[in-house]
Amino acid sequence: MHTISISPITRANSVGAVTVTVEGGKIVEARSEGTIFRGFEQIMEGRDPRDAPYLTQRICGICSSAHGLAACHALENLAGAAPLPPNAVLTRNLIYGCDLVQNHLRHFYVLGLWDWVEPPAQYPFQGGYTRDFRLGPSLTAEMHEHYWQGIEQARLAHEALTLMGGKTPHNHGLVPGGVSFLPRGEILEALREKLARLEKFTEEIYLPDARVLREFYPEYLHLGTRPHAGLSFGMFPDSGAPGSHRFPARVLLEGGAEPLDLAAIDEITVHSWYRHSADPLSRRKTVPDLSDPRAYSWIKAPRYRGAPCQGGPLTRKAAAGRESAGENSVLDRIAARAEETLEVIRLMINWAEELDPCGESLEPVRIPAAGSAAGAIDAMRGPLLHWVTVRDGRIANYQIITPSSWNFSPRDGRGRPGPAEEALLGLPVEDPAEPVEVGRVIRSFDPCYACSAHVIDLRRGNRKVIRLP
Ligand code: NFE
């Protein structure tokens, strides 16, 4: 029996850790650990509610517009705002679409590629695992070229986002009631040109590269699986049909698909370093508490009607029910991300045509001095919920449940593992000294530990032994 602890998990957004027990060559126990404390819930208290879309974007550098949108939705719901002008919906979709595309490109080329492709023998690529690279010299050299092109393309998507939102990351374009700026003329032209280049690269390079992995690593079509139980909060509102989304809001549970009910969500902290509470979600506080010896993560354990649920491109594909989503394996998750990138770029090309250069793009909202409301959207990695409570014109409470909290949650009170933990169970590990298989499974969920859980004690080795005042 071997216990393998990988801390930190590299090539991920921020850092987390995983500990697995291997018996008879297979993983029999897995623990996904968030090793940082996010603390944004406390940062938000006492602020002007209008700050929420700007401040919460700082939770993360890669999915910031998702947080900005969720905060805008929460404030619009609090204000009982009318449906947004179509231009506002379209421009928001363009801002968010650009951000999604750069996320997916970065995941494949910058974070995930070296799980499968032998890196160049040069700085800064050395020092990783050395086994199970199967592509052969010429395909490997091609992939190295695509790595650099992939970085260029992700930059292009960021530039497109900057055109729409004024700044990237942490854009200024998203405001409650719509967007602060309606792209016209030259800016739209520049956007179209960038989208055309992104479409070409995704179609001709990214999708074929994802297929190469299926060809050379076919067993990963059946490894790292778990049930499709998952959640989509709905992505890209339809500008012509308020309330509906291009990627539908849906819950996938063992009994089949059902409509989303936010009241069915709970967050369990039995295995997390937070004070336990039975209050309704909107009234709950995120208070660090290191006293429970069962705790092993700074990530809480969200559950939907008690079920651990995953989120992300594959769940959105399964929720849309358009085609088979496979076995929910490592390579199914990677393929769904690539397919979604192309689909979103093509939608964006249409949205840019639909914008009315003379129409309104903002319907200002008046935020009440008291009340409580949620904003739910599907972010790049899955369901994202912001819950704001306002009292005397100031934020009295703010709660955030991120996609990576769903995907990388620890066990709940009944001992049920989180999705990534579950996907690791039964995974063969050939060489415990180089457990390349573990990283492949973890990265297929595209972890963002910054979003989900910043206090580290360097004297204690970046582990869970943080001492808070
Ligand atoms: Ni920091 Fe995020 C996304 C949000 S958490 S990346 O997508 O919200 O997974």
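In this predicted model, 13 residues surround the ligand, and Cys60, Cys63, Ser404, Cys448 and Cys451 come nearest. By class, this shell consists of 9 nonpolar, 3 polar and 1 charged residues. Polar contacts to oxygen atoms of the ligand come from side chains and from the backbone. A polar side-chain atom of Ser404 lies 2.6 Å from an oxygen atom of the ligand. For Arg381, a backbone N or O atom is placed 2.9 Å from a ligand oxygen. In the case of His67, an N or O atom of the side chain is 3.2 Å from an oxygen atom of the ligand.

The ligand contains a nickel atom, which is coordinated by the SG atoms of Cys60, Cys448 and Cys451 at 2.2 to 2.4 Å. The arrangement is classed as tetrahedral because the 4 donor atoms around the nickel atom subtend angles of 103 to 121°, and four donors count as tetrahedral if all angles lie between 85 and 135 degrees. In sequence, the donor residues of the nickel atom follow the spacing C-x387-C-x2-C. Cys60 and Cys451 thus link distant parts of the chain, 391 residues apart. Cys60 is in the loop between helix 2 (52–55) and helix 3 (64–79), whereas Cys451 belongs to helix 12 (residues 449–452). Cys60 counts as buried because its relative accessibility is 5%. Cys451 is also buried, with a relative accessible area of 2%.

The ligand also contains an iron atom, and 3.2 Å separate this iron atom from the nickel atom. The iron atom has a single donor from the protein, the SG atom of Cys63, at 2.6 Å. Cys63 is found in the loop between helix 2 and helix 3, the loop that also holds Cys60.

Turning to contacts between charged side chains, the model contains 32 salt bridges. One of them joins Glu437 to Arg131, with the closest N and O atoms 3.2 Å apart. This pair links distant parts of the chain, the two residues being 306 residues apart. Glu437 is in helix 11 (residues 436–444), while Arg131 is in the loop between helix 4 (86–112) and helix 5 (137–165). Both Glu437 and Arg131 are buried.

A salt bridge also forms between the side chains of Arg192 and Glu189, with an N to O distance of 2.6 Å. Arg192 and Glu189 are separated by about one helical turn, because they stand 3 residues apart in helix 6 (residues 185–216). An α-helix has 3.6 residues a turn, so residues three or four places apart point the same way. Arg192 is partly exposed, with a relative accessible area of 26%. Glu189 is likewise partly exposed, at 47%.

Helix 6 takes part in a further salt bridge, between Glu203 and Arg346. The closest N and O atoms of Arg346 and Glu203 are 3.2 Å apart. Arg346 lies in helix 8 (residues 330–354) and Glu203 in helix 6, so this pair ties together parts of the chain that are 143 residues apart in sequence. With 34% relative accessibility, Arg346 counts as partly exposed, and Glu203 is also partly exposed, at 41%.

Salt bridges can also join into a network, and one such network links Asp132, Arg134, Glu219 and Arg440. Arg440 is one of the buried residues of helix 11. This helix is largely enclosed by the rest of the structure, because 9 of its 9 residues are buried. Charged residues are included in this set: Glu437, Arg440 and Arg443 are buried, as are Val436, Val438, Gly439, Val441, Ile442 and Ser444. Just after helix 11, Asp446 takes a positive phi of about 50°.

Ala396 offers an example of separation in space. This residue lies in strand 13 (residues 394–401) and counts as buried because its relative accessibility is 16%, where buried means under 20%. Ala396 and Glu422 are 26 residues apart in sequence, and their C-alpha atoms are 36 Å apart in space.

Definitions and conventions. Residues are numbered from 1 along each chain as its sequence is written. This is a predicted model: local features need pLDDT of at least 70, side-chain atom pairs count only at pLDDT 80 or more; totals for chains, interfaces and linings use all residues. Side-chain values use heavy atoms; hydrogens and water are left out. A residue is near a molecule or strand if one of its heavy atoms lies within 4 Å of it. A polar contact is a pair of N or O atoms within 3.5 Å; within protein, one must be able to donate a hydrogen and the other to accept it, and residues adjacent in sequence count only if both atoms are side-chain atoms. Ala, Val, Leu, Ile, Met, Phe, Trp, Tyr, Cys and Pro count as nonpolar, Asp, Glu, Lys and Arg as charged, and the others, Gly among them, as polar. Donors are N, O and S atoms within 2.8 Å of the metal (3.2 Å for Na, K and Ca); water is not among the atoms, so sites may look incomplete. Four donors count as tetrahedral if all angles lie between 85 and 135 degrees; four count as square planar and six as octahedral if opposite donors are over 155 degrees apart and all others between 65 and 115; anything else is irregular. Helices (H or I, at least four residues) and strands (E, at least two) are DSSP runs, numbered from the N terminus. Buried means under 20% relative accessible area, exposed over 50%, partly exposed in between (1.4 Å probe, protein chains only). A salt bridge is a side-chain nitrogen of Lys or Arg within 4 Å of a carboxyl oxygen of Asp or Glu.
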